[in-house]
Structures are given as C-alpha cells and as structure tokens.
Amino acid sequence: MSWDRYEMGKLRNLDLNLLVVFENIYTAGNITHAARKLGLTQPTISNALSRLRETLEDPLFTRSTVGVTPTSRAMQMIGPVREALMLINDGVLHPAAFDPATTRRHFRVAIADYLEPVLIPPIIRQIQSFRSVSLEALPLSTTHIAEGLNNGSLDIAITAHMHGISEVSCREIGAAGIVVIARKDHPRVSNPITAAQFGSLGHIALIAPLRRMTKIDEQLNRAGIERHIVYEASKMWSFPYIVSHTDLIGLLPGDFARIAEGIYPITCHPVPFDLPEQHSFITWKKGRENDPAVRWLISRLSESAPGG
C-alpha cells in the first residue's frame with residue numbers, strides 16, 4: 001500500500017481540528033506562534049499534537065533552537081493535508097461571501113517591501129477593529145514563493161510578474177514610474193539630475209536575485225546605462241535611510257519614493273533617460289479565487305493600488 005493511501009486512511013478518522021493544528025504548527029515552526037494564530041492556549045495545541053502523534057505513531061515535530069522542526073513523516077503529510085484543508089475551506093466552510101467582521105481568517109502574503117506602504121494601510125484600516133482577521137507579510141528575499149503558492153502556505157504574492165511558475169493566475173495592480181533619489185543638498189546632484197551625474201555617482205541597488213525579479217538591470221542594459229553599485233540591499237526600505245546619510249543615489253518606484261521623501265531628507269528626481277514603468281502583480285494559485293476570503297483580499301488590494 002502506498003504512503004498516501006495508508007496515511008490518508010488514518011487521517012479520515014481524525015478530528016479535522018487536529019489537521020488544522022498540524023498545518024499551523026508546520027507553517028509557524030513554533031507551537032506558541034501557532035496557538036496565537038489559532039486563538040488557542042499552548043496546552044490545548046500541545047494536547048492536540050499529542051493526540052495526532054499517538055494516532056500516526058510519529059513525533060511529527062522535534063524541538064529546535066527557534067521552535068520545532070518537522071520530521072520526514074510530517075514533510076510527507078503537509079502537501080495532502082493542505083490540499084484537503086483547502087478543499088474543505090473553499091467548498092464547505094466558507095460562506096458565499098466573506099465578511100471580515102465575523103469570519104476568522106489569517107492571510108499569509110509575500111509582498112515586495114516597496115509595495116507594503118502603498119497597498120497595506122488601506123486594508124489594515126478595514127480590518128483593524130475586527131479580532132477575526134489578521135495579515136502576515138513575508139519577505140520576498142527569503143520566501144519560496146512557488147512552493148508556498150502551490151502548497152497553500154501562501155495565499156498570494158505581490159511583486160513583479162514571476163515567470164516560470166506554473167498553475168498560477170496574475171492580476172496587474174499598477175505601474176509606477178521609476179525615479180532617482182538623492183539626499184537633499186547633495187553637492188554633486190543638480191535638479192534635475194543629469195545622465196553624467198547618474199553614471200559617475202555610486203549607487204545603492206537591490207541584491208541580484210531581487211533585481212532579476214524587477215528586471216531593472218535588463219532595462220538599464222537596453223538603455224546603454226552602466227551603474228557603479230557600491231551597496232546591495234535586500235529591501236527597498238534601506239534605500240532612503242542610506243541615501244540620506246551618504247552620497248549614494250538609487251532608483252525607486254515613484255509611489256514608494258514619494259512616501260519615503262516625506263519621512264527622510266531625500267529628494268526625488270526624474271530619471272535622465274527613458275526607463276519603462278515598473279509593473280506590479282497579485283499572483284495566486286489557480287482556483288484559489290474560488291475561496292471568498294482570497295477573492296476579497298485580491299479585490300481590496302486592487303482597490304488599494306494607485307488608480308485602483
């Protein structure tokens with residue numbers, strides 16, 4: 001008998017709540033965090049895990065320095081368990097319409113940090129008074145997006161279009177013009193900045209994997225522009241602080257740059273050559289839009305986008 005048939009035979013007789021606990025512990029990697037997300041006490045979570053361990057005759061998780069680590073049996077289980085929970089959530093438990101005031105839901109979203117201050121505050125203002133809904137933002141640089149979307153540990157990803165990921169749907173939510181940022185009163189930057197200044201000054205840029213996602217290097221190469229990259233950052237929120245304390249300059253999406261300009265002593269300048277706009281997309285696994293809660297989140301994000 002195959003593992004799937006043997007294990008799923010055992011799982012059929014389990015309390016559904018035990019599988020919900022298992023999935024949350026696996027995703028959080030920490031029993032305390034899983035209890036908090038589910039609104040349960042740690043002893044209740046531990047008791048549920050003990051029952052599941054006894055039924056499946058496997059420890060499922062072992063203690064680590066930062067929480068718990070899944071066993072090989074748990075890693076084999078997580079895919080089928082998530083698929084089963086997703087089918088139940090989509091087809092049985094969720095009402096025809098999602099009401100954030102009454103329906104418990106914890107959304108997991110991978111989001112580019114430059115989009116977070118643009119898209120998330122309007123949604124927070126809608127849900128902040130409800131104890132039933134919460135949002136968890138995961139960084140793009142350390143999140144396995146394709147795996148997360150496919151196994152259900154991620155509800156959506158919000159970033160530049162991700163090529164090479166199958167079985168996903170995308171919706172464009174906006175396009176932002178790129179601007180140059182420099183510290184106020186920079187001694188070597190005129191207003192507007194010139195192409196010569198752009199080429200001669202040191203730059204802050206994203207790390208290479210994130211630049212590949214934004215395709216900024218390809219666009220600069222087509223324009224015949226070469227940058228002197230002095231510092232590579234893993235998040236765009238690093239740009240305004242570092243630029244405001246050095247003579248480096250950087251490229252940022254205009255919507256985000258203007259938010260940063262109101263916080264840091266920096267100035268936004270037009271790019272001194274033609275550069276295409278930076279497009280952003282919501283991406284989710286095909287079929288997840290049938291979940292009213294995911295559909296609600298996609299709609300709210302679309303409305304939060306500039307011009308939405």
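**Exercise 1. Decide whether Arg 108 is buried or exposed, and explain why.**

Solution. Arg 108 has a relative accessibility of 8%, and therefore it counts as buried, where buried means under 20% relative accessible area, exposed over 50% and partly exposed in between, with a 1.4 Å probe and protein chains only. The model is a predicted one, in which local features need pLDDT of at least 70 and side-chain atom pairs count only at pLDDT 80 or more, while totals for chains, interfaces and linings use all residues. Residues are numbered from 1 along each chain as its sequence is written, and side-chain values use heavy atoms, with hydrogens and water left out. As a background to this single residue, buried residues make up 47% of the 308 residues in the protein.

**Exercise 2. Describe the surroundings of strand 3 and name the strands with which it pairs.**

Solution. Begin with the elements themselves: the protein has 13 helices and 12 strands, which are DSSP runs numbered from the N terminus, helices being H or I with at least four residues and strands being E with at least two. Strand 3 covers residues 105–111, and because seven of its seven residues are buried, it is largely enclosed by the rest of the structure.

Next, look at the two directions in which its residues point: Arg 105, Phe 107, Val 109 and Ile 111 point one way, whereas His 106, Arg 108 and Ala 110 point the other way, and all are buried.

Then turn to the neighbours, remembering that two strands pair if DSSP finds at least two bridges between them. Strand 3 pairs in the parallel sense with strand 4 (residues 133–139) over seven bridges, and the bridge partner of Arg 105 in strand 4 is Val 133. Between these two strands the chain passes through helix 6 (residues 116–127), and this β-α-β crossover is right-handed, a term for a path that runs clockwise from the first strand over the helix to the second when the strands point away from the viewer. Strand 3 also runs parallel to strand 5 (residues 156–159), to which three bridges join it, and there Val 109 stands opposite Ile 156.

**Exercise 3. Find which residues form salt bridges with Arg 108, and where they lie in the chain.**

Solution. Side chains of opposite charge can pair when their charged atoms come close. A salt bridge here is a side-chain nitrogen of Lys or Arg within 4 Å of a carboxyl oxygen of Asp or Glu, and the whole structure holds 11 of them.

One partner of Arg 108 is Glu 23, with the closest N and O atoms 4.0 Å apart. This pair links distant parts of the chain, since Arg 108 belongs to strand 3 and Glu 23 to helix 2 (residues 16–28), 85 residues apart; both residues are buried.

Another partner is Glu 136, again with the closest N and O atoms 4.0 Å apart. Glu 136 lies in strand 4, 28 residues from Arg 108, and is partly exposed, with a relative accessible area of 22%.

**Exercise 4. Describe how Phe 107 is paired with another ring.**

Solution. A pair of aromatic rings is described by the distance of the centres and the angle of the planes. Rings of Phe, Tyr and Trp (its six-membered ring) pair if their centres lie within 6.5 Å, and planes under 30 degrees apart count as stacked, over 60 as edge-to-face and the rest as tilted. By this rule the count comes to nine aromatic pairs. Phe 107 and Phe 98 form one that is edge-to-face, at 6.0 Å centre to centre and 75 degrees between the planes. Phe 107 has 0% relative accessibility and counts as buried, and Phe 98, at 10%, counts as buried too.

**Exercise 5. State the strand order of the five-stranded open sheet, and follow Glu 232 from it into a salt-bridge network.**

Solution. The order is 9-8-10-7-11, and the pairing is mixed. Strand 9 (228–233) and strand 11 (266–270) are the edge strands, each pairing on one side only. Strand 8 (residues 202–206) pairs with strand 9 in the parallel sense over five bridges, and Glu 232 in strand 9 is the bridge partner of Ala 205.

For the network, take Arg 211 and Asp 217, which form a salt bridge with the closest N and O atoms 2.8 Å apart. Arg 211 is buried at 11% relative accessibility, whereas Asp 217 is partly exposed at 28%. Salt bridges that share partners join Arg 211, Asp 217, Arg 227 and Glu 232 into one network.
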